[in-house]
Amino acid sequence: MFRINEVRKNNRARILVSPFATQVAATAVLLMMVLGSSTASARRPPTPDNFRVTATTAYTVTVAWNPAPNNSGNFNYHLSGAYGVTPAILPKTATSHTFTRLHSGNQYWLAIYAKDANGNTSGTAHTTTRTLLDTTPPSTGPVITVTEVGSNYVSVSLTPAQDDCPFLSYQVSVNGDPYTAPSPNLSTILRFLQPNTTYTLTARGRDEGHFWSPFSAPVTVTTLPPNPNDHTPPTTPANLSAYSLDGATEMQIQWAQSTDDFDAQPNIRYDVYVNGVFQDVLFGSGGPIPEYGVFGENTIEVIATDTAGNASPPATTTLFLP
């Protein structure tokens with residue numbers, strides 16, 4: 001009888017304890033969820049505050065933001081932008097950055113966020129601005145130097161002009177007349193010159209405001225006479241081929257470069273003809289180049305010529321454009 005009563009008491013105790021244990025367990029789970037969420041949020045770096053533009057020029061933009069709180073952990077700032085902006089990664093201690101090599105008079109969208117070593121990221125802050133127009137010409141011109149002389153060409157190199165524009169273009173003049181189109185290249189080859197002839201060369205730079213620098217000091221150069229020992233033409237361009245480029249009359253033409261007994265391949269000239277009509281000239285290249293034909297049968301010819309004027313037999317191929 002005693003055992004029966006004792007068992008009944010124990011069962012009643014279990015019935016009373018069970019709801020209480022369930023409630024405690026549920027509360028514990030809820031606390032874990034809340035605390036876990038709070039901990040994860042605490043691990044996230046803070047979003048950079050007061051991200052703003054502090055200075056602009058024609059080619060730079062300086063941005064700044066407030067210092068990070070002392071208890072915000074360790075992280076780096078990641079800065080970026082649209083339209084050719086170079087990204088940057090800065091330490092937590094940084095509060096400013098200057099974007100360089102921008103274009104004048106352009107609108108830019110800039111952004112910053114924080115990221116720690118575990119990959120946790122903050123929110124992203126944004127700002128926009130426009131660079132100023134370039135109103136100042138380059139202060140000095142380039143210096144032109146002759147690097148190679150042939151019978152019908154001269155190679156030159158340039159030092160940069162002095163200017164705040166990082167995208168200067170350069171033009172070389174021969175005997176006072178512009179000879180090359182403006183280009184960012186600091187070296188070029190002046191072709192189609194006459195043998196045994198003296199030329200005066202100058203160069204100048206142009207910025208994005210379309211302001212020209214002063215001309216360089218002039219340099220005088222005399223081309224060589226034709227090589228009296230060169231009587232052999234280059235080899236005929238090999239593997240000449242053409243194919244339709246747009247499904248209409250535009251086609252792509254290419255070939256293997258020729259060789260010569262005196263001239264290096266970069267100085268071999270290639271004249272391109274389509275249906276007997278001169279179309280283009282290239283130096284030291286086998287294309288590919290785009291040209292236009294006619295509907296139906298097209299005959300393509302490429303002739304190689306060395307600096308002494310010796311011309312190869314033409315390479316020939318045909319292409320039917322339906």
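Okay, let's start with a hairpin: strand β17, residues 269–274, pairs with strand β18, residues 277–283, in the antiparallel sense, over 6 bridges. Bear in mind that this is a predicted model. There are 2 residues between the two strands, and asparagine 275, in the turn, has a positive phi of about 55 degrees. If you want a register point, look at valine 274, which stands opposite valine 277 in β18.

Now, side chains on this hairpin. Tyrosine 273 and phenylalanine 278 make a ring pair with centres 5.6 Å apart, and since the planes are at 70 degrees, it counts as edge-to-face. How exposed are these two? Tyrosine 273 is partly exposed, at 24% relative accessibility, and phenylalanine 278 is partly exposed as well, with a relative accessible area of 41%.

Staying on β17, go to the salt bridge. Arginine 269 and aspartate 271 meet through their side chains, at 3.0 Å from N to O. How many salt bridges does the structure have by the rule used here? The count comes to 1. As for the partners, aspartate 271 has a relative accessible area of 8%, so it falls under the 20% cut-off and is buried. Arginine 269 sits at 27%, which makes it partly exposed.

So where does this hairpin go in the fold? It belongs to an open sheet of 4 strands, in the order β18-β17-β20-β21, with antiparallel pairing. β18 and β21, residues 315–321, are at the edges with a single partner strand each, so each has one side without a neighbour in the sheet. On average, neighbouring strands here are turned by 20 degrees against each other, ignoring direction. At the other end of that order, β20, residues 296–305, is joined to β21 by 7 bridges, and the two run antiparallel. A handy register point there is glutamate 301, opposite threonine 316 in β21.

Next, the other sheet I wanted to show. This one is open too, with 3 strands in the order β15-β16-β19 and antiparallel pairing. Its edge strands are β15, at 238–244, and β19, at 289–292, and each pairs on one side only. The average turn between neighbouring strands in this sheet is 30 degrees, again with direction ignored. β16 and β19 pair over 4 bridges, in the antiparallel sense, and you can find methionine 251 standing opposite glutamate 291 in β19.

On to aromatics: the structure holds 6 aromatic pairs. Take tryptophan 255 and tyrosine 270, which form a tilted pair, 5.6 Å centre to centre with 50 degrees between the planes. What does that pair tie together? Tryptophan 255 lies in strand β16, residues 250–256, and tyrosine 270 lies in strand β17, so the contact connects parts that are 15 residues apart in sequence. Buried or exposed? Tryptophan 255 and tyrosine 270 are both buried.

Elsewhere in the chain, ring pairs link Phe51, Trp65, Phe75 and Tyr77 into a cluster.

Last topic, arginines over rings. Arginine 191 lies over the face of tyrosine 153, 5.3 Å from the ring centre. Then there's arginine 204, over the face of tryptophan 212, at 3.8 Å from the ring centre.

If you open the model afterwards, go back to β17: it carries both arginine 269 and tyrosine 270, the first in the salt bridge with aspartate 271 and the second in the tilted pair with tryptophan 255. That's what I had, thanks.

Technical notes. Residues numbered from 1 in each chain as written. Predicted model: local features only at pLDDT ≥ 70, side-chain atom pairs only at ≥ 80, totals over all residues. Heavy atoms only, no water. Salt bridge = Lys/Arg side-chain N within 4 Å of Asp/Glu carboxyl O. Buried < 20%, exposed > 50% of the residue type's maximum accessible area, 1.4 Å probe, protein only. Pairing = 2+ DSSP bridges. Phe/Tyr/Trp six-rings, centres within 6.5 Å; stacked < 30°, edge-to-face > 60°. Lys NZ or Arg CZ within 6 Å of the ring centre and 35° of its normal. Axes fitted to C-alpha atoms, helices over the stretch in contact; angles between N-to-C directions.
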